[in-house]
2 protein chains.
Amino acid sequence: MKKKVTIHDLARMLNIDSSTVSRALNDSPRVGIETKKRVLDLAKEVGYQRNLLASNLRTSKSMTIGVVVPFISRHFFSEAIDGIEQAAYEKNYRVIIAQTNDDFEKERKIINGMYMNRIDGLLLSPTLNTQSGTHLDVFIDNEIPVVLFDRYYDNARINIVRLEDRYAAYSATRHLIENGCLDLVHLTGNLDAAIYQQRLQGFKDALIEAGMEFSKDRVYTIPLLPEHAVAWIEKILKENKIPDGIVCVNDVTALGIMKYLDENTSLKVPDDIAITGFSNEPASSIIKPGLTTVDQHSFEMGRMAARMLLNSIENKEDFLSRQTVVVKSSLLVRGSSIKSELGLHKGGKTIRQEQGTIKG
Amino acid sequence: MKKKVTIHDLARMLNIDSSTVSRALNDSPRVGIETKKRVLDLAKEVGYQRNLLASNLRTSKSMTIGVVVPFISRHFFSEAIDGIEQAAYEKNYRVIIAQTNDDFEKERKIINGMYMNRIDGLLLSPTLNTQSGTHLDVFIDNEIPVVLFDRYYDNARINIVRLEDRYAAYSATRHLIENGCLDLVHLTGNLDAAIYQQRLQGFKDALIEAGMEFSKDRVYTIPLLPEHAVAWIEKILKENKIPDGIVCVNDVTALGIMKYLDENTSLKVPDDIAITGFSNEPASSIIKPGLTTVDQHSFEMGRMAARMLLNSIENKEDFLSRQTVVVKSSLLVRGSSIKSELGLHKGGKTIRQEQGTIKG
DNA sequence: TTGAAAGCGCTAACAG
DNA sequence: CTGTTAGCGCTTTCAA
């Protein structure tokens with residue numbers, strides 16, 4: 001192992017002081033152009049590599065943001081992380097990543113570890129059962145910016161970037177109603193989570209607006225995985241409580257159901273059961289019929305959240321002005337929601353309905 | 001902003017020396033059980049949070065590994081990162097992530113930045129045109145372990161975890177031959193990359209073994225994205241050079257082609273054109289017919305690469321014994337490759353053919 | 001079992 | 001424009 005060369009080594013070799021070397025390396029204006037060149041040349045020649053651990057300690061700035069999500073490999077999150085990384089790279093920030101597996105205790109530990117690493121800011125999509133952010137107090141108390149994205153809970157001191165969940169679910173539901181559904185159900189996840197509460201509200205709002213009956217037994221709560229969705233639809237069919245439309249809160253459950261119906265029943269999507277999802281997974285445009293779904297603009301959401309975070313890192317003054325950005329959604333209309341007897345089938349095309357932005 | 005409490009503060013409050021506090025906090029045996037308890041209690045009471053920047057500088061160990069991939073959101077990589085994160089978390093390591101967008105210059109910068117951050121090890125899936133690793137010299141010279149995964153190039157001083165690419169492509173090709181394909185083509189990416197060279201070799205080996213003619217015009221090189229695959233199949237059809245089987249090096253191209261054929265031609269998969277892919281994207285089991293594909297066990301590959309890296313971080317002695325681990329693949333047989341006139345169609349089921357492990 | 005002292009490599013007043 | 005000085009907060013000899 002080669003001995004690492006430090007600014008002191010460079011200083012000695014050039015017969016100047018290490019502080020001058022430091023200035024030269026940092027391109028400070030307070031150093032002679034001539035000296036600067038000599039330092040830079042020597043640094044390159046001897047392969048000097050700055051030690052950021054030291055510099056970070058000294059400046060108490062790590063140039064690192066932490067990203068904590070439930071599941072890294074989930075399509076939505078990996079795309080969001082993509083956006084986050086791009087935004088961070090642009091500003092020369094590092095990204096450290098961890099996943100909670102939706103386990104609150106793990107989230108607590110990770111977040112504490114990130115604090116000990118003195119990250120400059122935190123991007124968090126909390127576990128579904130995170131009801132409050134006392135584990136974030138250490139960040140807030142130390143004025144380290146935090147941005148919640150996608151999933152969130154209300155905390156007066158944290159920035160939030162989230163989808164217009166209520167409106168997105170509302171418009172998916174309304175879309176199904178307009179396409180002739182009379183007996184809709186909502187398939188959702190843990191209703192402790194604000195996003196699912198919002199989506200439920202949107203579902204409800206659309207029913208009520210259409211003068212349709214809403215009751216709690218139209219709402220089914222399951223773990224949001226294909227196998228549970230399949231078990232659910234099997235049960236529903238067995239009990240003969242077949243709806244003519246299902247508003248799902250994610251694509252993988254919707255896809256699981258479509259696949260099950262296709263392979264195991266004579267029920268047809270959309271004519272017998274219309275269906276919508278959330279996320280626009282790649283598979284959703286490939287299945288036949290295509291799955292009508294809400295595009296959450298995951299990449300943009302990630303990038304926006306990261307930019308918001310970086311901005312509050314660099315402009316501490318606006319730290320206090322907490323804000324919530326509500327990202328608009330797009331309803332991607334495909335075959336799974338257009339009942340053919342209405343003569344509305346648009347072939348294999350995806351029709352994109354942009355939604356308006358709503359605050360709150 | 002609250003003033004951060006340091007070990008010196010704790011020391012002062014307890015009338016002991018900061019070195020004792022440090023020992024207590026690190027659960028050193030060289031501190032009285034009684035003192036240790038007092039320190040720990042006080043630390044908790046006043047909300048002491050260790051500053052890892054300082055500790056890292058002192059110990060020159062960052063407890064961080066760097067992960068560099070071409071595209072974070074690509075299904076294969078996000079799953080691999082999932083596995084990496086899990087392995088790292090188990091060992092209490094942090095993961096810092098960056099993506100190169102397959103741009104070598106960006107890769108160079110990122111890797112250098114990670115060195116300056118003094119990561120303890122690097123997990124890299126290099127750009128397709130990375131032919132040598134001189135940008136990794138700084139790691140090698142300083143004996144910081146590096147593991148290449150999935151993508152790789154031969155370097156006598158770097159560990160590699162990779163798929164048995166040649167064999168995987170060989171068995172996909174042989175599978176198509178066994179299912180009646182007589183006129184096979186290979187659709188691949190940048191042939192500078194070792195993985196694609198290997199897959200091409202597998203394709204070739206299978207043809208030759210079957211006594212079929214191999215020539216270079218059976219091999220088509222495109223950017224590996226659906227839109228390019230579609231442009232390619234359009235062109236091929238126009239020129240009337242229709243093959244009866246296509247061995248693709250990834251699923252997204254295969255899926256693009258299947259979708260195009262289904263929507264724009266009367267050609268049927270698999271009867272007119274059989275097709276195989278690589279990666280087992282979620283969509284591949286949802287499309288009809290299902291896409292026969294090579295499962296690369298991305299999660300396990302990531303986890304294995306991370307464990308190998310962590311192992312060489314912790315046991316420096318085996319740093320010199322470079323090794324290459326070849327991960328076995330599984331051919332997932334679905335409808336896209338089973339021509340029905342042979343009466344072999346197995347319905348919607350996926351048949352999993354495990355492959356053997358091959359060295360080298 | 002504890003303390004004193006030194007220093008990881010860098011930056012940032014403050015002087016000159 | 002450059003040098004001096006003093007740490008950032010921690011760990012780690014060495015000595016007691």
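# Two protein chains and two DNA strands

Let's start with how the protein copies relate: turn chain B by 180°, with 0.0 Å of shift along the axis, and it superposes on chain A with an RMSD of 0.1 Å. That is the relation of a two-fold axis. The fit is by least squares on the C-alpha atoms of residues with pLDDT of at least 70 in both copies. This is a predicted model, in which local features need pLDDT of at least 70 and side-chain atom pairs count only at pLDDT 80 or more, while totals for chains, interfaces and linings use all residues. Residues are numbered from 1 along each chain as its sequence is written, and chains are lettered from A, with ligands numbered from 1, in the order in which they are written.

Now for the place where the copies touch. Chain B puts 43 residues into the contact and chain A puts in 43 residues, where two residues are in contact if their C-beta atoms, placed from the backbone, lie within 7 Å. On the chain B side, the elements that each supply at least two residues are α4, α5 (75-90), β2 (94-99), α6 (104-116), α7 (137-141) and α11 (251-264). Those labels come from DSSP runs numbered from the N terminus: helices are H or I with at least four residues, strands are E with at least two. Sorted by class, that side of chain B has 20 nonpolar, 10 polar and 13 charged residues. Here Ala, Val, Leu, Ile, Met, Phe, Trp, Tyr, Cys and Pro count as nonpolar, Asp, Glu, Lys and Arg as charged, and the others, Gly among them, as polar. Since 100% of the interface residues of chain B are also interface residues in chain A, the copies meet through the same surface.

On to the DNA. Strand C is surrounded by 25 residues, and the closest are Thr6(A), Ser19(A), Ala54(A), Ser55(A) and Gly32(B). A residue is near a strand if its C-beta atom, placed from the backbone, lies within 6 Å of it. Both chains take part: α2 and α4 of chain A and α2 and α4 of chain B each give at least two residues to the surface near DNA strand C, and α4(A) gives the most, with five residues. The classes there are seven nonpolar, 12 polar and six charged.

DNA strand D has 27 residues around it, with Gly32(A), Thr6(B), Ser19(B), Ala54(B) and Ser55(B) the closest. The elements giving two or more residues to this surface are α2 (18-25), α3 (33-46) and α4 (52-59) of chain A, plus α2 (18-25) and α4 (52-59) of chain B. This surface has eight nonpolar, 12 polar and seven charged residues. Lys37(A) sits in helix α3 of chain A and counts as exposed, with 11 C-beta neighbours inside 10 Å. The cut-offs, for C-beta atoms placed from the backbone, are 20 or more others within 10 Å for buried, 12 or fewer for exposed, and partly exposed in between. From Lys37(A) to Thr253(A) is 61 Å between C-alpha atoms, with their positions 216 residues apart along the chain.

Thr253(A) takes us indoors, as one of the buried residues of α11(A). That helix has 14 residues and reaches 19 Å from its first C-alpha to its last, close to the 20 Å expected at 1.5 Å a residue; the expected span is 1.5 Å times one less than the number of residues. Covering its buried residues are elements of chain A including β6 (184-188), α10 (226-238) and β8 (245-248).

The largest nonpolar core has 177 residues, and Val95, Leu123 and Ala305 of chains A and B have the most contacts inside it. Such a core is a set of buried Ala, Val, Leu, Ile, Met, Phe, Trp, Tyr and Cys residues joined through C-beta atoms within 7 Å. Beyond neighbours within four places in sequence, Ala305(B) is in contact with Ile84(B), Leu123(B), Val147(B), Phe149(B) and Val161(B). Apart from the largest core lies another, of six residues, including Leu52(A) and Leu52(B).

A few backbone oddities round things off. Lys288(A) and Pro289(A) are joined by a cis peptide bond, omega about -5°, and Pro289(A) is in the loop between β9 and β10 of chain A. Asn92(B), though not a glycine, has a positive phi of about 65°; this Asn92(B) is exposed, with 10 other C-beta atoms within 10 Å. Asn280(B) has a positive phi too, about 55°, but is buried, with 25 other C-beta atoms within 10 Å.
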